[in-house]
Amino acid sequence: MNATRPVLTVESVTKVFGTARTQVRAVDGVSFAVGSGEIVLIMGPSGSGKTTLLTILGGLLRPTSGRVVIDGLDLTAMRPAELPRVRREHVGFVFQSFNLLDSLSAQENVEVALNVAGVGGAAARSRARDLLITAGLEGRLDFRARDLSGGEKQRVSIARALANRPQLLLADEPTANLDSRNGHEVMQLLHDLAKREGHTVVVVSHDTRLQDIADRVLWLEDGRLRDHASGAAQERGLTV
Amino acid sequence: MVPVARRNLLAEKGRLAMSVFGVAFAVLLVLIVLSLYRGWSGVGKIITRLPGDVWVTQTGTNNLFRSSSFLPADRAGDLQAIPGVQLATPVYSREMGYERDGAAYNVLFMAFDAPPAATALLPQATRDRYFPEPGQIDIDSVFADKAGLHAGDTMDILGQTLRVAHVTKGGSAVLAQSAFINGADARTIYGTADMVNFYLITTQPGADAAAVQRQLTGIIPNSEVHASEAFSRALSRDVSEGFLPVVSVLVGIGIVVGGAVVALTTYTATIEKARDFGVLKALGASSAYLYRIVITQSVIVGVLGSLLGVAASAVSTAVIARRIPEFITDLRATDVAIIFVAALAMAIAASYVPVRRINSIDPAMVFRA
C-alpha cells in the first residue's frame with residue numbers, strides 16, 4: 001500500500017448474488033487501500049468480479065458485507081439517497097463503452113457532468129473546453145458524440161470523469177474497445193491527467209499494457225485478491 | 001446548462017413533429033368546440049338587440065322562437081298608457097321557410113308595427129334596421145350570404161315581393177336568421193289583421209323596468225310579461241343545453257388524446273434514452289435534475305403543440321365563419337389561456353409515467369457493455 005493518506009479504503013468487501021443453490025460470491029472478502037495520486041490496476045480473468053468490485057467502489061452497488069470508504073466517507077453506512085452526491089463530488093467514471101450521450105456534442109458531454117454537480121454557464125463551458133483541449137480534442141468540441149471515433153470518445157469520457165475534480169477515478173476496461181494505437185494514447189492521457197491533477201485512479205482491465213502506467217497491480221480471481229505474480233502467470237498458463 | 005431535454009427531442013425530429021401535431025390537433029379540437037359553444041351560447045343577444053326591453057305575450061309563452069303567441073291587435077294604446085312606457089309596439093313574428101334557387105332557408109320574419117311618428121325618438125340605425133318602409137325588408141348577413149342576397153335584390157314571400165333595403169349583422173340564431181319587414185306587409189303576408197303575436201315595450205330612460213313590468217301584467221287578458229333578458233337567456237339556454245353534452249364529450253376526448261400523445265412521446269423518449277439516464281444517474285445526477293429533463297421534454301411538446309393548436313384554431317374559426325356563416329364561433333382569449341394552461345398541466349401530468357420509469361433505471365447498467 002502507498003504510504004500517502006488513503007483516498008480509497010476497501011475492507012473485507014463481499015458481494016453475494018442469489019440465494020441457496022444459485023448463490024454466487026462475486027466478490028469475496030476483498031481488502032485494499034489506495035493512496036492519494038496512486039494509480040492501481042486490478043487485473044483478472046473474465047468473471048473474476050472486477051466490474052462488480054468497481055461498481056461497489058463507485059457506490060452503484062451495495063456490498064453484502066464489508067466497508068468502502070472514499071475520502072473519509074463510508075459509502076456502506078450511507079443511505080441510498082446520499083450516494084449520488086458522493087458520486088458527483090468524489091468519483092469520476094471512465095467506461096469500457098464510453099457511455100457518452102449521443103445527442104450531445106463533445107463539449108456538452110463534459111459540461112453535463114458539471115451541470116449535474118451544480119456548475120453551469122460560462123464556468124462549466126470554460127472547464128469543459130480546457131479539459132477537451134488538454135485531451136487533444138480542440139477541433140472536435142462541437143462534434144456530436146456519435147460522430148467521434150472510438151479513441152476520441154474515450155478521451156471525452158476521461159475529460160468528463162475529471163470535470164468535477166474527483167479524488168477518485170474509476171476506469172472499467174478503458175482500452176478494451178480501442179485499437180492498439182488509440183489504447184496506448186488513451187492510457188497515456190489517463191496517466192498524465194491523473195498525475196498532473198493528483199487524482200487517485202483504480203483501473204480494472206485485461207489489458208496488460210496498462211501495467212505500464214500503474215503504480216501497483218492487484219490480481220482478482222474468483223472474487224478474491226491474490227498475489228499478482230502467480231495470478232498473472234496462471235493467466236499465461238505458466239506455474240510460479 | 002446543457003439543454004439535454006431539447007437535444008433528446010431533436011434527436012428524433014420526425015417523432016417530435018408528430019407529437020407536436022398530435023397535441024396541436026387536440027388543442028384545435030377543444031378550442032373549435034369551445035368557440036362554437038361560446039358563439040352559440042350568445043345567440044340570445046339577438047333578442048336583447050331588438051328595439052325594446054319588455055315583452056307582452058300570450059300566457060305560456062316562454063320562448064320567442066319555439067312558442068306560439070296570439071294577442072288582440074288593438075291593445076297597444078292601453079299598454080302605451082302605463083307610466084314609464086315610451087313605446088308599445090305590436091310585433092308579428094313567424095319562423096318560415098324561404099326558398100330561393102331550389103334551396104330552403106329558415107327565416108324568422110318579424111315586423112314591428114309602430115307608426116312612424118311613434119318611432120321618431122328611436123336612433124336612426126334602429127329605425128333603419130327594424131322599421132323598414134312598406135315593400136322593403138332588412139335581412140341578416142348570414143342569411144344574405146347563404147341565399148346569395150344583396151341590398152337591392154327582391155324576395156317573394158307568400159306572394160308579396162319585397163326589396164332588400166339593408167343587410168345587417170347579429171341576427172343569426174344558429175338554426176334560423178332574422179329578417180324584418182314592415183307591419184303593413186306583415187298583416188298582408190300573415191293574413192291576421194286583428195291579431196298580433198307580441199307587444200314589445202320600450203321603457204322610458206330611467207324608468208323602473210320591474211315596476212313597469214308589474215303594471216303591464218294583466219292589462220291584456222291571458223297574457224304575461226317577460227323581460228327581454230329572460231327571453232334571451234331562455235334562447236341561449238335552449239341552444240347551449242342541447243350542445244353542452246356534445247361539447248363536454250369532445251373536450252374530454254381532446255384532453256385525453258392530447259395527454260396520451262404527450263405521455264407517449266416522453267415515455268418513448270425516456271425509454272430510448274434509458275441508458276443516458278443511467279449514465280447521468282451514475283455521474284451523480286439528482287432525481288430532481290432527471291425529473292426536470294423529463295418534464296421539460298413534456299412541456300416543450302405541450303407548449304409547441306398548444307401554440308400550433310391555438311394558431312390553427314384562430315385560422316379555422318375565421319375560415320368556418322366565412323364558409324359556414326351560421327356556425328357562429330367566438331374564440332375568446334380567456335378560453336385560449338385556460339386551454340393553454342390546461343395543456344401545460346396535462347403535459348406535466350403526462351411526465352408521471354416516464355418519471356416512474358427513470359426511478360426504476362439501475363445506474364449500475366452503465367458497466368454493462
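## Where chain A meets chain B, and what lies behind the contact

In this predicted model, 26 residues of chain A are in contact with 20 residues of chain B. On the chain A side, helix 1 (50-57), helix 2 (83-90) and helix 3 each bring at least two residues to the surface that touches chain B. The biggest giver there is helix 3 of chain A, with six residues. Sorted by class, this side of chain A has 12 nonpolar, eight polar and six charged residues.

Stepping back to chain A as a whole, its secondary structure adds up to seven helices and 10 strands. Its radius of gyration is 18 Å, close to the 18 Å that the globule rule gives for 240 residues, so chain A is as compact as a globular protein of that length. Taken along the principal axes, the C-alpha atoms of chain A fill a box of roughly 50 × 40 × 40 Å. Of the 240 residues in chain A, 50% count as buried. Among the contacts in chain A between residues at least 6 apart in sequence, 71% link residues at least 24 apart.

The strands of chain A can be taken sheet by sheet. One open sheet is built from four strands in the order 2-1-4-5, with antiparallel pairing. Its edges are strand 2 (24-35) and strand 5 (73-74) of chain A, each of which pairs on one side only. Strand 1 and strand 2 of chain A run antiparallel and are joined by eight bridges. Within this part of the fold, Phe17(A) sits opposite Val24(A) of strand 2.

Another open sheet of chain A has six strands, ordered 6-7-8-3-9-10, and here the pairing is mixed. Strand 6 and strand 10 (224-226) of chain A stand at the edges with a single partner strand each, so one side of each has no neighbour in the sheet. On average, neighbouring strands of this sheet are turned by 25° against each other, direction ignored. Helix 5 (residues 150-162) of chain A packs on the sheet and touches strand 6 and strand 7 of chain A. The direction of helix 5 makes about 170° with that of strand 6 of chain A. At the other end of the strand order, strand 9 (residues 216-221) and strand 10 of chain A run antiparallel, with three bridges between them. Glu221(A) has Arg224(A), in strand 10 of chain A, as its bridge partner.

Helix 2 of chain A, already met at the contact with chain B, has several buried residues: Leu83(A), Pro84(A), Arg87(A), Arg88(A) and His90(A). What covers them comes from both chains. It includes strand 4 (65-70), strand 5, strand 6, helix 3 and strand 7 (168-172) of chain A, together with helix 10 (274-282) of chain B.

Two residues of chain A have unusual backbone angles. Most residues other than glycine have a negative phi. Ser12(A), however, has a positive phi of about 50° although it is not a glycine, and Asn99(A), likewise not a glycine, has a positive phi near 55°. Their settings can be told apart easily. Ser12(A) is found in strand 1 (residues 6-17) of chain A, and it counts as exposed because 12 other C-beta atoms lie within 10 Å, where 12 or fewer is the cut-off. Asn99(A) is in the loop between strand 6 (91-94) and helix 3 (106-116) of chain A. With 24 other C-beta atoms within 10 Å, and 20 or more needed, Asn99(A) is therefore buried.

Turning to the nonpolar interior, the largest nonpolar core has 176 residues, of which Ile42(A), Val27(B) and Tyr199(B) touch the most other members. Helix 2 (residues 13-41) of chain B gives the most to this core, namely 15 residues. As for Val27(B), once its neighbours within four places in sequence are set aside, it is in contact with Gly258(B), Gly305(B), Ser306(B), Gly309(B), Val310(B), Ile339(B) and Ala343(B).

A last stop in chain B is Val251(B), which lies in helix 9 (residues 228-272). Val251(B) has 19 other C-beta atoms within 10 Å and is partly exposed. Leaving out residues up to four places away in sequence, Val251(B) touches Val30(B), Val33(B) and Leu34(B). Val251(B) and Ile32(B) are 219 residues apart in sequence, yet their C-alpha atoms are 9.6 Å apart in space.

How values were computed:
Residues numbered from 1 in each chain as written. Chains lettered and ligands numbered in written order. Predicted model: local features only at pLDDT ≥ 70, side-chain atom pairs only at ≥ 80, totals over all residues. Contact = placed C-beta atoms within 7 Å. Nonpolar A, V, L, I, M, F, W, Y, C, P; charged D, E, K, R; others polar. Rg over C-alpha atoms; globule rule 2.2 N^0.38 Å. Core = buried A, V, L, I, M, F, W, Y, C linked by C-beta atoms within 7 Å. Pairing = 2+ DSSP bridges. Axes fitted to C-alpha atoms, helices over the stretch in contact; angles between N-to-C directions.
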